[in-house]
Amino acid sequence: MSPERDNLNENERELLGAQSADELVRDQRWLAGRLESADLPEGLEARVSGAIAGELARERRGAWARRLAVAGLAAAMLLLAATVWMVVHQPATPTDQPIATEPPKSVVVARRDDVDRLVNDYVQTIDQDVVAMSDELAVLQDEMSGGDAPWRDLLDVK
Amino acid sequence: MEPKELADLIARCKKGDQRAYDRLVALYSPRLYGYLLRLVGRPDDAEELLQEVYLRLVRGMERYRHDGQLTAYLFRIATNVVRDRYRRRKVRPRHVSESETGGEDDEGLGLGDQVSADDPGPDASLRHGERSSALGEALEKLPEEQRQVILLRHFSEMSFGDIADLLECPVGTVLARAHRGLKRLRELMGDEP
């Protein structure tokens, strides 16, 4: 230990007491002259160096594994995001279409044809009725204009 | 080493430069190994712990903000590594603690809870030449808490305040441990003033 490190600071001297502090400093110097660093056993430095090399290699492998894991996680997140985007933005399928408010055009056409036909039939029927009624009215007018019209008997209740 | 040179070295370490780490190993291992060996008392354990210190340095290098205190940072790791090891194994260094010897303060850091049944014992740890020296043996006789403070102060050159932070105890306690420990060490060495 270097001589300057042997010394105690004021707080330490106060804690220990002046006499004990002086003794401690003296005894530290005494020990410093006798206790030396141990000689390293043969090959210890090489073994330590080998252990460090192994640890460094393990750390490098760990770093690569961490990078791969991060890259894999990022890819998975991207894939998930892309899938969500596609689901949200995909065109609507037939089952997803809103309920039609109008029938298909072919149906409309078919119904219109039917309606036209019905209307025509109805009009023709009315025309025929009108013609028939006109004929009857003409017969009635002829009979009324005659002397012995049957309608007189019907009215003559008494 | 110059502060700028050390900062450059750390910047290279942050980029995963193996040679920069090798340089740190060469620079700091003697002191770290000395600390660990005298703290745990077994050369094999000290070697393992030294490797663990550097592995934790590599793992934490990305978060490390250099403020010129790499030495303190390394010794902080070393102290935590020892603490973790002996907590996990439920084994403690074979040295006695202050509380076992009736020391004045027993609130300090304990490295473990009990001695393992397969503890190799004192004989197995006498392989290292220095430890068989008188000073090594005297250090082993010190209570664990005192020895840790003395070794941290000696090898790391941390301030007593930093040591107190690391060991999570008051500065006064750390100072008292250092004072009593060194005094006891001189007595054991028969070198009293």
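These are my notebook entries on chains A and B of a predicted model.

**Entry 1: chain B on its own**

I began with the make-up of chain B, and I found nine helices and zero strands. Reading from the N terminus, I wrote the order down as α-α-α-α-α-α-α-α-α. I then looked up burial: 54% of the 193 residues of chain B count as buried. For contacts in chain B between residues at least 6 apart in sequence, I noted that 68% join residues at least 24 apart.

**Entry 2: helix α7 of chain B**

Next I picked out α7(B), which covers residues 144-156. Is this helix covered or open? I found it mostly covered, with 13 of its 13 residues buried. I also checked its length. At 1.5 Å a residue its 13 residues should span 18 Å, and the end C-alpha atoms lie 17 Å apart, so the two values agree. Just past the helix I stopped at Glu157(B), where phi is positive, at about 60°.

**Entry 3: how much the chains share**

I turned to the contact between the chains. How many residues does each chain bring? I counted 39 residues from chain A and 47 residues from chain B. Interface size is often quoted as the accessible area lost when the parts come together. Here chain A and chain B bury about 3,800 Å² between them, and 65% of that is on carbon and sulfur atoms.

**Entry 4: charges and polar pairs**

I looked for salt bridges across the interface of chain A and chain B and got three. I wrote down one pair in full: the side chains of Arg47(A) and Glu47(B) form a salt bridge, with N to O at 2.7 Å. For polar contacts across this interface, I noted nine residue pairs, with both residues at pLDDT 80 or more.

Which elements of chain A supply its side of the contact? I listed α1 (3-6), α2 (10-16), α3 (18-32) and α4 (44-89), each with at least two residues on the side that touches chain B. Of these, α4(A) gives the most, with 13 residues. Sorting that side of chain A by class, I have 18 nonpolar, six polar and 15 charged residues.

**Entry 5: helix α4 of chain A**

That sent me back to α4(A). It has 46 residues and reaches 67 Å from first C-alpha to last, close to the 68 Å expected at 1.5 Å a residue. I looked up its buried residues, among them Leu44(A), Val48(A), Ile52(A), Glu55(A) and Ala63(A). What do they pack against? I traced the buried residues of α4(A) to α2 (18-40) and α3 (43-60) of chain B.

Technical notes: Residues are numbered from 1 along each chain as its sequence is written. Chains are lettered from A and ligands numbered from 1 in the order in which they are written. This is a predicted model: local features need pLDDT of at least 70, side-chain atom pairs count only at pLDDT 80 or more; totals for chains, interfaces and linings use all residues. Side-chain values use heavy atoms; hydrogens and water are left out. Contact means heavy atoms within 4.5 Å. Buried area is the accessible area (1.4 Å probe) that two parts lose on being put together, summed over both. A salt bridge is a side-chain nitrogen of Lys or Arg within 4 Å of a carboxyl oxygen of Asp or Glu. A polar contact is a pair of N or O atoms within 3.5 Å; within protein, one must be able to donate a hydrogen and the other to accept it, and residues adjacent in sequence count only if both atoms are side-chain atoms. Helices (H or I, at least four residues) and strands (E, at least two) are DSSP runs, numbered from the N terminus. Ala, Val, Leu, Ile, Met, Phe, Trp, Tyr, Cys and Pro count as nonpolar, Asp, Glu, Lys and Arg as charged, and the others, Gly among them, as polar. The expected span of a helix is 1.5 Å times one less than its number of residues. Buried means under 20% relative accessible area, exposed over 50%, partly exposed in between (1.4 Å probe, protein chains only).
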